[in-house]
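Dear colleague,

Please find below the structure that I am handing over to you. A description of what was found in it follows directly after.

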Amino acid sequence: MTDLGTLTPTEGSVVRVRLTRPSGRALPNVWLTATRRGEPTYTRQASQPGDDGVLRCPGLGPGSFDLVVRAAEPMGMDG
């Protein structure tokens, strides 16, 4: 786990995660989950990075969030 410090999102904020990959490898399947701490509780999810390699999770309001990023190797890739 990496503590990203304190961020203060405003209404309509977007979390962006830039994905990098070794040369010649495809980007893994990636899921980002943002869960608001406190009331009102809600979760936003994203799973498809854009052509620029950035995964965007929009629709966050003010508050504190737990962010979880999970990745899986693409199918058919050997170690």
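R56 counts as partly exposed, because its relative accessibility is 37% and the partly exposed range runs from 20% to 50%. Please note that this value, like every other one in this message, was computed from a predicted model. The side chain of R56 meets that of D52 in a salt bridge, with 2.7 Å from N to O. D52 is also partly exposed, at 42% relative accessibility.

A search of the whole structure finds 2 salt bridges. The other pair is R37 and D66, whose closest N and O atoms are 2.6 Å apart. R37 belongs to strand β2 and D66 to strand β5, so this pair ties together parts that are 29 residues apart in sequence. With a relative accessibility of 52%, R37 counts as exposed, because the limit for that class is over 50%. D66, by contrast, has a relative accessible area of 36% and is partly exposed.

The strands that hold R37 and D66 also belong to a sheet. This open sheet is formed by 3 strands in the order β3-β2-β5, and their pairing is antiparallel. Its edge strands are β3 and β5 (64-72), each of which pairs on one side only. On average, neighbouring strands of the sheet are turned by 15° against each other, with direction ignored. Between β2 and β5 there are 9 bridges, in the antiparallel sense. One example of a bridge partner is F65 in β5, which is matched with R36.

F65 appears again in the interior. The largest nonpolar core has 12 residues, including F65, C57, L32, A34 and A46. At least two residues of this core come from each of β1 (13-18), β2 (29-37) and β4 (54-60). Leaving aside residues up to four places away in sequence, C57 touches S13, V14, V15, L32, A34, R44, Q45 and A46.

One further feature concerns the backbone. Which kind of peptide bond joins E39 and P40? The bond is cis, with an omega of about -10°. This deserves a remark because most peptide bonds are trans. P40 is found in the loop between β2 (29-37) and β3 (43-46).

When you view the model, you may wish to begin with the salt bridge between R37 and D66, and then turn to the cis bond between E39 and P40.

With kind regards

Definitions and conventions: Residues numbered from 1 in each chain as written. Predicted model: local features only at pLDDT ≥ 70, side-chain atom pairs only at ≥ 80, totals over all residues. Heavy atoms only, no water. Helix = DSSP H or I, 4+ residues; strand = E, 2+ residues; numbered from the N terminus. Pairing = 2+ DSSP bridges. Axes fitted to C-alpha atoms, helices over the stretch in contact; angles between N-to-C directions. Salt bridge = Lys/Arg side-chain N within 4 Å of Asp/Glu carboxyl O. Buried < 20%, exposed > 50% of the residue type's maximum accessible area, 1.4 Å probe, protein only. Core = buried A, V, L, I, M, F, W, Y, C linked by side-chain atoms within 4.5 Å. Contact = heavy atoms within 4.5 Å.
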